[in-house]
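Reading a structural model is easier when each feature is taken in turn. The dialogue below pairs a learner's questions with a teacher's replies.

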Amino acid sequence: MNSWSLKGALQKAKDIIVGPIIAIALALLLAGILIYFSGYEPLAAYGALFKGSVGNINSLAVTGVRMTPLLLGGLAVAMSFSCGVSNIGIEGQLYLGAVGATIVGLMPLPVPQWLHLLLVLAAGFVFGALWATVPGYLYAYKGVNEVVLTLMLNYVAIYLVSYLTNTVYGPLGEKGASYSQSPELVSTARLPILLKGSSLHVGLLVGIVLAIALYIFMNHTSSGFRLRMVGFNPHAAEYAGIPMERTRMQIMLLSGGLAGIAGASEVAGLFHRLYANFSPGYGFDAIAVSLLAGNNPLAVILSSAFYGALRAGATRMQQVIGIEVSIVFIIQAFTILFVTAGTVLSHRPSVIKKLFRFSKKSPAEGRG
Amino acid sequence: MHGNLIFILDWLAASIRYAAPVALASVGSVYSERSGIFNIGIEGMMLIGAFFGILGSYYTDSVLVGVMAAMLAGLLCSLIHAYMSVTLSANQIISGQAINLLAVGITNFLNRALLGHLSGVRVPGFAVIKIPLLHKIPIVGQLFFQQTAHVYLAYLIPIIGAWILYRTTWGLNVRAAGEHPQAVRSAGLSVERIRYATIALSGLMAGLGGAAVSLGEVRIFTQEMTGGRGFVVLAAIVVGKWNPALTGLACLLFGGASALQTRAQTLGALDIIPHQFYNMLPYLLTCAALAGFVGRTVQPEKLGEPYDPEQD
């Protein structure tokens with residue numbers, strides 16, 4: 001792991017990138033067939049998709065805005081999945097992170113803007129991690145299935161935010177507003193805009209910096225190695241004297257905290273207030289984002305850019321060509337399926353021959 | 001009749017209406033979880049079922065064809081999940097999530113392409129069937145025996161499901177596949193084949209449950225109309241302790257909670273407790289059940305783990 005060489009790094013990058021690109025191409029092809037048979041011109045549709053996502057500087061800005069929560073949420077997924085913990089409560093932790101950011105962002109603190117922003121993001125991390133505490137404890141110390149647990153808490157979080165922002169009785173609600181929302185954050189708690197005239201905000205940079213930091217932490221520090229070992233070889237980890245319970249708890253908290261930053265960045269960067277139901281399922285899409293990236297934090301930057309571009313371009317595709325935005329979900333789903341199948345099949349080349357026979361050997365990556 | 005009684009009857013009736021599709025879908029999922037396969041794609045399979053139920057019923061004017069189309073569509077989705085999670089031993093969460101995304105995409109896309117011109121026209125749906133004699137029983141008859149066809153199925157199928165799971169050899173095999181797959185293999189049976197069968201069953205039943213959502217009441221398709229019922233299935237299985245009959249009852253409990261929050265306003269209860277807390281109730285209950293606060297809950301030993309014959 002520490003014997004770094006350019007050739008090795010290139011080979012590794014190739015391994016990470018080639019599979020997903022084939023998967024994306026296949027997914028676009030299949031979706032293209034579907035577009036064709038529903039009476040549209042696939043090339044024109046994809047042209048609009050391309051223009052709407054990367055065609056000019058404004059489209060790129062929209063892609064960046066869509067990409068930001070997927071990047072931060074994707075890191076939260078990568079953090080837990082690469083350590084064998086299936087935290088699918090990203091959505092809920094994201095909502096709670098947004099609550100934390102809102103509480104700190106509404107306070108007119110007598111501090112410079114950079115410090116206020118740091119506190120806002122830190123509050124997002126803390127609240128996201130707090131929301132992961134109970135499932136983390138039950139999973140790590142009591143052996144409760146974390147999948148259902150974290151999934152259920154997503155809905156609790158969504159209703160909690162709906163309560164908090166209620167304009168009549170919600171503690172954070174703006175009295176008399178027509179939609180469930182909080183008042184606007186004070187000006188020092190708003191993330192600066194990166195591109196004048198657009199909504200692209202500093203949250204994107206926060207995501208990129210965190211991706212690099214997480215990559216270094218996971219791959220080049222002994223703490224990161226300890227966390228990952230719990231995932232890829234629990235027996236060896238236990239034998240090596242790693243405290244399983246505490247480590248699993250740490251993984252869950254770190255993952256929840258990252259998800260919380262995703263929510264904080266939406267509030268402080270994009271909306272400048274907390275809305276009920278503000279996330280259109282970013283926490284769930286983040287699972288797809290991280291999967292496409294093979295749970296590699298650096299690759300999450302690329303895959304979130306791809307999914308962000310799909311989202312941004314789909315709006316234009318609907319306006320210009322008239323194709324439902326939901327074609328994007330189909331492309332996403334096919335991509336996930338092909339990437340997953342491709343990863344497994346490439347570990348077992350012989351499987352092509354016995355594609356329709358039942359498996360005799362399980363691949364290296366199992367659950368998580 | 002007394003006002004309170006009317007309220008309670010209305011609430012119970014609404015609970016049953018909500019619970020029936022969920023209970024139908026849950027039976028298949030209990031089987032797949034008992035055999036070791038986790039299926040969070042159940043929401044997507046129900047949504048696909050809801051759409052193809054409407055589509056089949058619209059093109060043929062036959063509810064039965066609609067139901068069959070829904071079950072077939074659910075089956076096809078489940079085969080994707082089976083191939084990914086059994087044959088390829090891939091992560092079960094991911095392939096389930098892929099199916100959820102695929103379902104939202106495909107139903108929205110096809111709905112606009114094929115049924116977009118309908119704009120609110122209702123297709124033939126399940127008819128109300130009055131059970132002879134029983135429906136005349138005061139209150140009980142009105143509540144339980146003047147329902148649409150799928151509700152009766154939802155009474156029966158969980159009980160039959162429990163009987164098969166606990167009283168037949170195949171049921172034993174299913175349970176063994178999720179607890180001690182190596183024992184199943186030693187007995188000369190294929191764990192993979194058992195898991196394929198239970199996943200297929202979960203797809204068929206999710207399709208039926210989805211058709212019950214769309215053909216059972218509104219008889220039109222609306223975007224994402226299953227609205228998280230598939231996730232309620234996952235919750236009900238936990239509360240029902242992986243027993244098909246108890247899971248059916250848990251669905252009724254969740255139906256009750258869901259119907260209560262829409263009716264809490266009439267009770268004046270919203271002044272004391274905001275409606276969001278009623279909405280949270282089913283999910284909190286599930287967490288409590290998982291945490292062991294509601295009796296002992298033990299999930300199948302190998303749930304979510306791909307079977308690796310060389311490991312044992």
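What follows is a tutorial dialogue on a predicted model.

Q: Where should a reader begin; how many helices and strands are there in chain B?

A: A first step is to list the elements of each chain. This is a predicted model, and its chain B holds twelve helices and two strands. Read from the N terminus, the elements of chain B follow the order α-α-α-α-β-α-β-α-α-α-α-α-α-α. The radius of gyration of chain B is 20 Å, close to the 20 Å from the globule rule for 312 residues, so chain B is as compact as a globular protein of that length.

Q: How many helices and strands does chain A have?

A: Chain A has 14 helices and zero strands; its elements, from the N terminus on, run α-α-α-α-α-α-α-α-α-α-α-α-α-α. For 368 residues, a compact globule would have a radius of gyration near 21 Å, and the 21 Å of chain A agrees with this.

Q: What do the C-alpha traces of the two chains span along their principal axes?

A: Three lengths describe the extent of a chain. For chain B they are about 65 × 50 × 40 Å, and for chain A about 65 × 60 × 40 Å.

Q: What share of the residues counts as buried in chain B and in chain A?

A: Burial is judged from relative accessible area, with under 20% as the cut-off. In chain B, 59% of the 312 residues count as buried; in chain A, 56% of the 368 residues do.

Q: What supplies the accessible surface of each chain?

A: The surface may be divided by atom type. Chain B exposes about 12,500 Å², and carbon and sulfur atoms supply 65% of that area. For chain A the accessible surface comes to about 15,500 Å², with 67% belonging to carbon and sulfur atoms.

Q: How should contacts be read along the sequence, and what part of them joins residues 24 or more positions apart?

A: One sorts contacts by sequence separation. Among the contacts of chain B with a separation of 6 or more, 77% are between residues 24 or more positions apart. The corresponding share in chain A is 71%.

Q: How far apart are the mean positions of the positive and negative charges?

A: In chain B, the mean positions of the 17 positive and 14 negative charges are 10 Å apart. In chain A, those of the 23 positive and 12 negative charges are 9 Å apart.

Q: How many residues of chain B are in contact with chain A, and what area is buried between them?

A: An interface is described by its residues and its area. Here 52 residues of chain B are in contact with 57 residues of chain A. The area buried between the two chains is about 4,800 Å², and carbon and sulfur atoms give 74% of this area. Ile94(B), Leu101(B) and Phe109(B) supply 14% of the area that chain B buries against chain A, more than any other three residues.

Q: Why might the sign of phi deserve attention?

A: Most residues other than glycine have a negative phi, so a positive value deserves attention. Arg219(B) has a positive phi, near 60°, and lies in the loop between α9 (191-218) and α10 (229-239) of chain B. Lys241(B) also has a positive phi, near 50°, and is found in the loop between α10 and α11 (244-267) of chain B.

Q: Are these two residues buried or partly exposed?

A: Arg219(B) has a relative accessible area of 29%, so it is partly exposed. Lys241(B), with a relative accessible area of 34%, is partly exposed.

Q: Where is Ala73(B) placed, and which residues does it touch?

A: A residue is best read through its element, its burial and its neighbours. Ala73(B) belongs to helix α3 (residues 63-87) of chain B. Because its relative accessible area is 9%, Ala73(B) is buried. Leaving aside residues up to four places away in sequence, Ala73(B) touches Ile48(B) and Phe52(B). Between Ala73(B) and Gly53(B), 20 residues apart in sequence, the C-alpha to C-alpha distance is 9.1 Å.

Q: How far is Leu172(B) from Arg122(B) in sequence and in space?

A: These two residues are 50 residues apart in sequence and 43 Å apart in space, from C-alpha to C-alpha. Leu172(B) is placed in helix α7 (residues 169-179) of chain B, and its relative accessible area of 46% makes Leu172(B) partly exposed.

Methods
Residues numbered from 1 in each chain as written. Chains lettered and ligands numbered in written order. Predicted model: local features only at pLDDT ≥ 70, side-chain atom pairs only at ≥ 80, totals over all residues. Heavy atoms only, no water. Helix = DSSP H or I, 4+ residues; strand = E, 2+ residues; numbered from the N terminus. Rg over C-alpha atoms; globule rule 2.2 N^0.38 Å. Buried < 20%, exposed > 50% of the residue type's maximum accessible area, 1.4 Å probe, protein only. Contact = heavy atoms within 4.5 Å. Areas by Shrake-Rupley, 256 points an atom, 1.4 Å probe, with all protein chains shown as cover. Lys, Arg positive; Asp, Glu negative; His and termini not counted. Charge placed at Lys NZ, Arg CZ, Asp CG, Glu CD. Buried area = accessible area lost by both parts, 1.4 Å probe.
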